[in-house]
Amino acid sequence: MSSDCQTFSDLPKSILRPLGINEVAAIIGKSRSTMIRLIKNGTLPKSAFCRPNSTSTPTARYEMRPAACPMAYFDVTTGPLLSSQMRRRMIQQIGRILRGSAPNEVFETGAMRIDLPLSISQAVSRMAALAVAESEVISDPGIRGGLPVIRETRIGVYEIADLCKAETDDYILENFPNLTRTRLEHAKLYAKAHPLPRRLGRSDQPRLPGIRTHVITTNLLS
């Protein structure tokens with residue numbers, strides 16, 4: 001999921017929008033529960049969150065601005081190595097860097113050297129990867145009933161993501177010749193950022209090519 005993007009100015013506009021918990025969790029490479037703990041711990045400043053309007057859903061209060069991604073990424077990678085006071089100070093500094101009110105440079109205090117530009121660059125690269133993943137997934141009513149599929153294929157993105165939990169990437173690539181390793185990674189990233197509701201239809205279940213499914217009807221049981 002590497003990218004040449006290093007600053008927000010390099011990112012596509014499609015990712016510079018309010019982001020949900022699952023999206024930020026996917027970007028920083030952590031679980032939803034980890035992201036929720038981070039929010040409840042109060043490490044992220046209020047400026048990292050979007051202010052919900054009167055018509056927002058209950059979960060809208062957890063929508064975050066793009067700047068929350070570098071902050072959260074720093075918090076889960078470098079943050080545990082710092083004191084709580086220094087941790088908050090550095091996250092606030094990242095906010096100032098992103099607003100342009102502080103230089104994007106390594107922070108040094110005493111014998112401590114904290115590479116903020118590297119953390120920001122890595123987080124921005126992950127944001128760029130999600131933007132690419134989203135652009136590679138389409139939902140067309142004329143293709144598998146609107147099930148999200150990888151562009152130019154009929155491969156369901158959630159099918160692949162579920163299959164990855166049980167099979168190796170090499171095995172999946174061997175059975176899906178239309179997939180590349182990069183597109184497989186993007187499919188997994190997309191599925192993590194945009195998980196399906198709990199209730200899934202039969203067509204959403206992972207199935208390898210060539211494996212036939214059998215539907216038991218009442219006629220067979222009579």
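User: So a salt bridge is a side-chain nitrogen of Lys or Arg within 4 Å of a carboxyl oxygen of Asp or Glu. How many of them does a search of the whole structure find?

Analyst: Nine salt bridges turn up in that search. Please keep in mind that this is a predicted model.

User: Which residues are linked in a network of salt bridges?

Analyst: Arg17, Glu23 and Glu134 form such a network. Arg17 meets Glu23 with N and O 3.0 Å apart, and the side chains of Arg17 and Glu134 pair at 2.8 Å, N to O.

User: Where do Glu134 and Arg17 lie?

Analyst: Glu134 belongs to helix H5, while Arg17 sits in the segment before H1, so their pair ties together parts that are 117 residues apart in sequence.

User: And Glu23, buried or exposed?

Analyst: Glu23 is buried, at 8% relative accessible area. Glu134 is buried too, with a value of 17%. Their partner Arg17 counts as partly exposed, at 23%.

User: Why can side chains like these pair at all?

Analyst: Side chains of opposite charge can do so when their charged atoms come close.

User: Which residue forms a salt bridge with Lys165?

Analyst: That would be Asp162, with the closest N and O atoms 3.4 Å apart. Lys165 is exposed, with 70% relative accessibility, whereas Asp162 is partly exposed at 24%.

User: Let's zoom out. What does the secondary structure come to?

Analyst: The protein has nine helices and four strands. Going along the sequence, you meet them in the order α-α-α-α-β-β-α-β-β-α-α-α-α.

User: How much of the protein is buried?

Analyst: Of its 222 residues, 42% are buried. The accessible surface is about 13,200 Å², and carbon and sulfur atoms account for 49% of that area.

User: What about contacts across the sequence?

Analyst: If you take contacts between residues at least 6 apart in sequence, 57% of them join residues at least 24 apart.

User: How many residues are in the largest nonpolar core?

Analyst: This core holds 63 residues, and Met35, Met64, Ile160 and Leu179 have the most contacts inside it. Helices giving two or more residues to the core include H1 (21-28), H2 (32-40), H5 (116-135) and H8 (181-193). The largest share, 10 residues, is from H5.

User: Which residues does Met64 touch?

Analyst: Leaving aside residues up to four places away in sequence, Met64 touches several, among them Pro18, Ile21, Val24, Met35, Ile39 and Phe49. Arg17, which we met in the salt-bridge network, is also one of the residues that Met64 touches.

User: Now H8. Which of its residues are buried?

Analyst: In H8 the buried ones are Arg183, Leu184, His186, Ala187, Leu189, Tyr190, Ala191 and Ala193.

User: What do those buried residues pack against?

Analyst: They pack against helices H1, H5, H6 and H7, along with strands E3 and E4.

User: How far apart are the end C-alpha atoms of H8?

Analyst: They are 19 Å apart, which agrees with the 18 Å that the 13 residues of H8 should span at 1.5 Å a residue.

User: Why would residues a few places apart in a helix point the same way?

Analyst: An α-helix has 3.6 residues a turn, so that happens for residues three or four places apart.

User: Changing topic: what does the count of disulfides come to?

Analyst: Zero, with a cut-off of 2.5 Å between cysteine sulfur atoms.

User: And Cys69, buried or exposed?

Analyst: Cys69 is buried, with a relative accessible area of 0%. Cys164 also counts as buried, at 16%.

User: Last one, about the backbone. What is phi at Arg144?

Analyst: Phi of Arg144 is about 55°, a positive value although this residue is not a glycine. Arg144 is in the loop that runs between strand E3 (137-138) and strand E4 (149-150), and is partly exposed at 24% relative accessible area.

User: Where does Glu152 lie?

Analyst: Glu152 is in the loop between E4 and H6. Its phi is positive as well, near 70°, again in a residue other than glycine. Glu152 is exposed, with a relative accessible area of 74%.

Conventions:
Residues numbered from 1 in each chain as written. Predicted model: local features only at pLDDT ≥ 70, side-chain atom pairs only at ≥ 80, totals over all residues. Heavy atoms only, no water. Core = buried A, V, L, I, M, F, W, Y, C linked by side-chain atoms within 4.5 Å. Buried < 20%, exposed > 50% of the residue type's maximum accessible area, 1.4 Å probe, protein only. Contact = heavy atoms within 4.5 Å. Areas by Shrake-Rupley, 256 points an atom, 1.4 Å probe, with all protein chains shown as cover. Expected span 1.5 Å × (residues − 1).
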